[in-house]
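Me: I am new to this structure and should like to learn how to read its features. Please take me through them one at a time, with the general idea before each case.

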Amino acid sequence: MVGKKPCNFFQFGKCTKGAACNYAHVKDPNFKPRTRGPCHAFANGRACPRGDACPYSHDPASTEDDNVAQGSRTSSNATDETMTRDLLMRWRFKIPRDARERQRNPTVNLAEFFAQALELVAAGAETMQQVINTLASDGGRFRMDQLLKDRDFESMDDDTLSIIWRSQLLPLLQIMAHENVLASRVVEMTHGTLLNELYGMNGSRAVQVFTAVIRCLTMTSDVPAKDFETSLLVLAGVLVVNGSAHVNVDFQGVCETFLAFAESQTLSGLATAHLVKIQIRLGIGKDLPEASNGKAKLKAPLTMRAHFVVKQDLPGEMSDDGPRHDNDHADIRDIQILPTLQEIQSDRGEYLPRENSEEWHVEGIAGLIDRHFRLVREDTVGQLRDVAKFEYEHLQNPTLVRQERRQGARTYTYRNVQLAHVRFDGQKGLQAVLSFDQPQELHNMSAAKRRTWWEDSMRLGSDALVCLLTSDGSATFLVIASPALPVPLSAEASTQAPPKPINEEFSLSADPKTSYVVAHLADSGDDATELLARFGPGQENAQRSLIEFPGVILPAFEPTLKALQQMSDTLDLPFANLLSQRGRQPNNLSPAYSRKEGFRFKLGSLMPDGSPLQLRQDQQFDARTLLQHSALDEAQQRATIHALTHQLALIQGPPGTGKSYTGIKIIQVLLDNKAAGKLGPIVCVCYTNHALDQLLEHLVDAGVTQVIRIGSRSKSEKLAQINLRTVAMTYDLTKYEKEQRYKAKCAIEEQANSIDGLLDGLQKNGDYAHIERYLAQYYPAQHAQLFAKEDKDGWRKAGHHESAGSLKDWLNGGVRQHQTRVRSVETLQAPSQDVFTMSHEERKMLLDFWTRDNAETLRNELAIYLKAYAADKEKVDEIRGELDLRVLSDANIIGVTTSGLARNLKHLRKLKSKVIMVEEAGEVLEAHLLTAMLPSIEHAILIGDHQQLRPKVQNYELSIDNHQSKARLDVSLFERLVKPEAGNGERALPFVTLETQRRMHPSISQLVRAELYPNLRDAPSVAEYPEVTGMRHRLFWLDHRRKEDGKNAHMHTTSHVNSFEAEMVTSLVSHLVRQGVYRAEDIAVLTPYLGQLRKLRGALNGIVEIVLNDRDVDDLARDGVDDGPEGPTAVTASQHDLARGTVAPRNKIAKGSLLQALRLATVDNFQGEEAKVVVVSLVRSNAQGKCGFLSTPNRINVLLSRAQHGIV
């Protein structure tokens, strides 16, 4: 040690070289540590990833001194940004830009390099994106290789490996597993590049690295949980990104070692989800949960019943008869959402998995997802397929006597469809203008009357789904384009007239003989050029029809089906052991986040005075204190505790028992514990927009902040400022996002110019000028002969020299020749052929070939540009989605409908939300709830009532009401969990039922208590309700013998009408209104049938203003309207359509003030609503004694439980 200078690092106790150090490890009395500046991470309240090795100060005083030294700061954020920019600049300087820099600066301090990168990733989206993209560059991967490629971890001793693990390898894994990285879609591709770099050639690098990781984790007796989870997340990422990793034997061994370690670890919900992902990829968990495993753990015997299994024709290649058509596959990921032509033509029934999971062709959770995909698709797409088949057969043989098609979706058919125009829009893509014959009855109408007819019929409205069928064998699904939103003009452009929107240039009503409609492909992944080819050269004689499916819109079912396909790929469904349809484990544990040591729920928000009260999962909770002081009743308290102590909580809320109130109280408790449990935003899901608006309004009124609503169909003014689109406008894009968006938009603009030129060429393909350009490029020899100004002897040609004249003269020339002597096109297009010696027939045939070939050439080129446009458009959408994610991540509450969640699932799956609450869960299809279960969810609370309305299905063959059905699609997940079908191996999960109703007078509640809710109690307040003004009795039943109406020839509907009851209801409502005491929301008229709803609307229009909800409006549109000789009866448009400007306001009745208004609804669309007085029209009265819809107890329950004061 003599002669060596003292080691400065040793003075701090941080020298890592030990005996190999070139400096003396002795105390230096003359050492004076230099003042260190404050650590950026520490100054911002974050844990510094470098720990004790950080060269900056972790002393709070240093931060204060630094603030004083720099003067009084007006904005700490500005200082933070400056420090971050400085750190980013210094870090990027360590990345070599080219080979020369690599040679000049081959090494850096890797510990500092990765520590700084980790700090920058944690600093926010701006720097995270730049770090990940820089690491994925050649220079960044060069630095990674210095750690991963040039190190022999296996030969290192434990001390050396431990140092490298803590200072370099672990920070790299922390970067790749950081929540900011995993939550970003913008860096998803570059993050995949890093995972591939880690995997290396044939996985050899990953095997070496993760073997070293295992060794480091096991150097101590206790495996560090946080480090293990970080390593597990990266391992799962490598496995998913590399398709061949799961068959790599060495890599499999590493994964199995990690899985073995995981058995002794208490993992977070996120780590558990990745663990399941590894099991699934390796096939280790393919049988989990297995029926056999489930049976082994059952504590009580199941009630089984004997059954006979009927053999079922399996899907795709598994069928004994082979695939039914080209869209019949065993794997749902291979199935197109919309039917193909072969599927439309097929006579074989589709494979529909039955309820008994033992009969499925796929086991476990994969089988559950498969079943619901096929059933929901059959319920929606199946009806479209059947009516398209009927029309296609007629198109193939118009002389065939048309037989009445089977009952299914209502349709309108438009004949003689032509392609009138094609236009490209940078926002909407390729748009086709289709023309068809105007309906005969409109030919003699004025333009104004035609417009009124089309508007009132609500035909071919925005987003309507249509199918184009051609007699030559094609089926193309299209969506009617919505009008373009007005674009603000710049100052220079404001003086010029804006271009006329395409929807105004081509309209349904302007021409007395022809209607025009603008449409685009329903599936953006389809080749749009194929649609153009259907109208191209050679297709002049094809017959085409356009089928419209009223009320059917693609966003209502496509997002859910696509989400199920995605889930089938990842199988990352939370609570798989509880949701599995067979062998379900009855052990419903507490949420994973609440099982962490030291966690306890703070229940102060349930106490009026905010007094402290805590709930620990490992202790028995004494509810007496809560019962004495909380505003919740006893059952609501039990429901709240149940919800907090079960990872999959089920709460049944009979009518009027305060389901929403209880849900809000649970949410308030969860928000109080959001930070402790790292819950992220709480996702609140409702089936309808109306229910979602109500829930979010209640939360806002309760003082909940940071609420975001997804979706544009809200009618609440109170929620207008918390809509996602509105809030997102207040957020800024990162620098990287701005650059990428600018590049993508510039590319789209260039592509649009090229596409416009190609479309112009296609639409003018027959013009001789376009043919000349085509010949000049592809057939120069023929072009030289046809358009040369001099003949072969040097004489100047007389006459036409323009392309039109030259081609026309040439085409009209030539000797007439018998068709049998005409040479082939292959011979005629040879360069040596003299075009002027060709016969007239040969010239015509050659020109036809040139025209068709030119069109095909243009279409092929167009397809290239459209594909490039789609890629750049997706980049723009991804950047917007990334911004949305940042907005949502800052929220406390995210409100969304089930369909809205499925539509945005691509982005929402990146959210780190641990809690989801679903209202009216008994009314939601199981498929919708499965897609709502985001991978990060650790706690699901389902609130509903399986004894009220079930989910709606369109196909009666799939309904539980059809006793022959093996599908039972309308049994919700909520009902299946609390009341499983006997004999199929399921066990009910525990649930809590609310018991005190505060809606109905006791005489009304008795109607549902006697049969359905024996424990239902009445709150004291309901006994004090006044009698109904103008009625002697609060409950009144009118028994009559007037028969329901017969079927109307003009009504293409299966609904029912009773004119006598409509008159009685009208008279009774008129009597109640004249009492002068009831407001708009006080009176409701309910009926089970749309036909009667339509009849009542017409009858009541002359007395009061009518309020229809959106769902009834949509159902009326789907069911159709009266197409009598006077044209269609007006169907009131929803506020959504009026707001978008797609439907003109009409049929607004103003016969009385708002005090004379009432609500008119079908029973199925009034769940969750209430009124002081309810008037019911049951409709059915027939000799057969059929009661129709009213045979379902669930509907009767809803019908009888809506009234507060009285029911008639």
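Reply: Let us begin with a single strand. Helices (H or I, at least four residues) and strands (E, at least two) are DSSP runs, numbered from the N terminus. A residue is buried under 20% relative accessible area, exposed over 50%, and partly exposed in between (1.4 Å probe, protein chains only). Strand β23, residues 1158-1162, is mostly covered, with 5 of its 5 residues buried. The model is predicted: local features need pLDDT of at least 70, and side-chain atom pairs count only at pLDDT 80 or more, whereas totals for chains, interfaces and linings use all residues. Residues are numbered from 1 along each chain as its sequence is written, and side-chain values use heavy atoms, with hydrogens and water left out.

Me: Which residues lie on the two sides of β23?

Reply: In a regular strand the side chains alternate between the two faces of the sheet. On one side of β23 are Leu 1158, Leu 1160 and Thr 1162. Arg 1159 and Ala 1161 are on the other side, and both faces are covered.

Me: Which strand is joined to β23, and by how many bridges?

Reply: Two strands pair if DSSP finds at least two bridges between them. Strand β19 (residues 1083-1087) runs parallel to β23, and 4 bridges join them. Val 1085 stands opposite Leu 1160 of β23.

Me: What does helix α45 pack against?

Reply: Contact means heavy atoms within 4.5 Å. The buried residues of α45 pack against β19, β24 (1171-1176), β25 (1203-1207) and helix α40 (1002-1009). Helix α45 (residues 1193-1200) is largely enclosed by the rest of the structure, because 6 of its 8 residues are buried. Among them are Asn 1194, Arg 1195 and Leu 1200.

Me: How should I read a whole sheet, and what is the strand order in the one with parallel pairing?

Reply: One reads the order of the strands, then the edges, then what packs on the sheet. The open sheet with parallel pairing has 7 strands in the order β12-β13-β11-β14-β15-β10-β16. Its edge strands, β12 (707-709) and β16 (992-993), each pair on one side only. Strand β12 pairs with β13 (residues 893-897) in the parallel sense over 3 bridges, and Val 707 has Ile 893 of β13 as its bridge partner. Helix α26 (residues 659-672) packs on this sheet, touching β10 (648-652), β11 (682-686), β13, β14 (915-918) and β15 (939-944). The direction of α26 makes about 165 degrees with that of β15. For such angles, axes are lines fitted to C-alpha atoms, for helices over the stretch in contact, and angles run from 0 to 180 degrees between N-to-C directions. Helix α28 (residues 689-701) lies across β11, β12 and β13, at about 165 degrees to β13.

Me: What is the strand order in the sheet with antiparallel pairing?

Reply: That open sheet also has its order written strand by strand: β1-β7-β4-β5-β6-β3-β2, 7 strands with antiparallel pairing. Its edge strands are β1 (412-415) and β2 (418-425), each pairing on one side only. From one strand to the next the twist averages 35 degrees. Helix α18 (residues 364-396) packs on this sheet and touches β1, β4 (464-470) and β7 (544-553), its direction making about 165 degrees with that of β7. Strands β5 (residues 474-480) and β6 (residues 514-521) pair in the antiparallel sense over 3 bridges, with Leu 521 of β6 the bridge partner of Leu 478.

Me: How does one read the length and the ends of a helix such as α6?

Reply: The expected span of a helix is 1.5 Å times one less than its number of residues. Helix α6 (residues 110-123) has 14 residues and reaches 20 Å from its first C-alpha to its last, close to the 20 Å expected. Of its 14 residues, 10 are buried. At the N-terminal end, Asn 109 caps α6, with a side-chain oxygen 3.1 Å from the backbone nitrogen of Ala 111. A polar contact is a pair of N or O atoms within 3.5 Å; within protein, one must be able to donate a hydrogen and the other to accept it, and residues adjacent in sequence count only if both atoms are side-chain atoms. Just after α6, Gly 124 has a positive phi of about 150 degrees.

Me: Why does Cys 686 form no bond with Cys 684?

Reply: A disulfide is a covalent bond between the sulfur atoms of two cysteines. The cut-off used here is a pair of cysteine sulfur atoms within 2.5 Å. The closest cysteine sulfur to that of Cys 686 is in Cys 684, and at 7.3 Å it is too far for a bond. The structure holds 0 disulfides.
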